[in-house]
Amino acid sequence: MANTDSTASGSKMARVSNLHLMKTYGGILAGLLVLMIIFSICSPYFLKVNNILNIILQVSIIAISAFGMTYALIIGGIDLSIGSTIALSGTAAALLLQMNIPFLAVILAVLLIGVVLGAFNGVLISKLHIPAFIVTVATMGIYRGIAYITTNGVPISIKDPSFLALGNNAVLGIQIPIIILFVLFFINHVILSKTKFGRRAYITGGNEEAAVYAGIQVPKIKIWVYIITSLMAAISGLILASRLYSAQPNAASGYELDAIAAAVLGGTSLSGGSGRILGTLLGAIIIGVINNGMNLMNVPYFYQLIVKGLVILVAVFVDVRNKKRLV
């Protein structure tokens with residue numbers, strides 16, 4: 001009898017969980033399905049397996065950056081410096097490889113650079129109380145400027161085979177950037193949904209004053225959030241430099257906007273307090289599908305920008321409407 005009750009309770013919880021997932025992601029999944037149907041009608045190549053894998057490979061860099069951006073948005077902040085961080089991380093890796101520093105040491109050094117850049121943003125925002133928008137616009141210029149100065153404004157080619165394997169080789173037929181993407185998806189999902197740090201980040205973004213009264217060390221949470229955001233950008237920079245076979249100081253321009261778009265499309269609120277890594281991944285895939293589908297249809301780049309802008313506007317409109325319903 002006890003086993004029967006336990007089974008029934010488990011089934012009920014599963015139904016509630018499935019209902020919650022559909023309620024949370026039903027809209028974005030429906031939108032993704034509609035886009036895939038439209039592009040598959042317009043191009044016979046769209047639904048080919050190789051093309052689908054290519055879409056995931058192409059979005060891996062943006063998705064990883066968007067994971068970091070999700071943290072920043074959840075606490076009610078933003079990080080507009082991630083495009084510059086990506087470029088600076090790539091140039092740092094190329095310069096270190098030129099000095100014949102071992103591959104693993106280069107990776108660790110670049111990740112450390114990401115931590116330092118993020119901590120710099122976080123300290124300015126949390127300790128000096130400068131708005132995140134102002135701080136990260138400023139550091140966007142600073143980090144990009146350092147990338148130009150250290151490379152004299154020209155690309156640096158990379159020939160280290162281990163480093164090049166990072167973005168271009170496959171394991172069991174799966175490209176390494178895709179593997180890194182899903183490993184980081186799992187790690188970030190667990191951090192945000194299962195840890196005390198994740199819960200405190202949501203509380204901080206939902207109501208910072210209440211978080212302070214609840215005993216949460218808000219400045220510490222903010223610093224760690226910007227460290228994670230910058231760390232994700234540094235990983236994206238390593239992958240991008242590897243895929244391009246070179247480090248380019250002008251790389252990743254505008255990636256911060258794509259990262260914001262992916263997070264917002266995935267349901268992360270610009271007002272803070274809500275957002276999920278799964279939603280961000282789906283948002284990044286939607287951006288990838290739009291880019292890929294329009295490329296297959298030979299839509300000019302400038303029109304692609306307009307379409308992506310309209311999609312973001314719709315996502316923000318839905319977010320604002322949902323917020324009004326909750327008030």
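This passage describes the internal cavities of a predicted model. A search of the whole structure identified two cavities of 30 Å³ or more.

The largest cavity has a volume of about 50 Å³. Its lining comprises Ile86, Ala87, Gly90 and Thr91, together with Gly237, Leu240, Ala241, Leu244, Ser246, Ala247, Gln248 and Ala251. Three secondary-structure elements each contribute at least two residues to this lining, namely helix H3 (82-98), helix H10 (218-244) and strand E4 (246-247). In terms of residue class, the lining of the largest cavity consists of seven nonpolar and five polar residues, with no charged residue present. Gly90, Thr91, Gly237, Ser246 and Gln248 make up the polar group, whereas the nonpolar group includes Ile86, Leu240 and Leu244.

The second largest cavity has a volume of about 40 Å³. The residues that line this cavity are Ala261, Leu265, Ile287, Ile290, Lys308, Val311 and Ile312. Two or more of these residues come from each of helix H11 (255-265), helix H12 (277-296) and helix H13 (301-326). Helix H13 makes the greatest contribution to the lining of the second largest cavity, supplying three residues. By class, the lining of the second largest cavity contains six nonpolar residues, one charged residue and no polar residue. The charged residue is Lys308, and among the nonpolar residues are Ile287, Ile290 and Val311.

Terms used
Residues numbered from 1 in each chain as written. Predicted model: local features only at pLDDT ≥ 70, side-chain atom pairs only at ≥ 80, totals over all residues. Heavy atoms only, no water. 1 Å grid on protein atoms, 1.4 Å probe; cavity = no way out; pocket = protein on both sides within 12 Å on 5 of 7 lines; lining within 4 Å. Points joined across faces, edges and corners; volume = space filled by probe spheres on them. Helix = DSSP H or I, 4+ residues; strand = E, 2+ residues; numbered from the N terminus.
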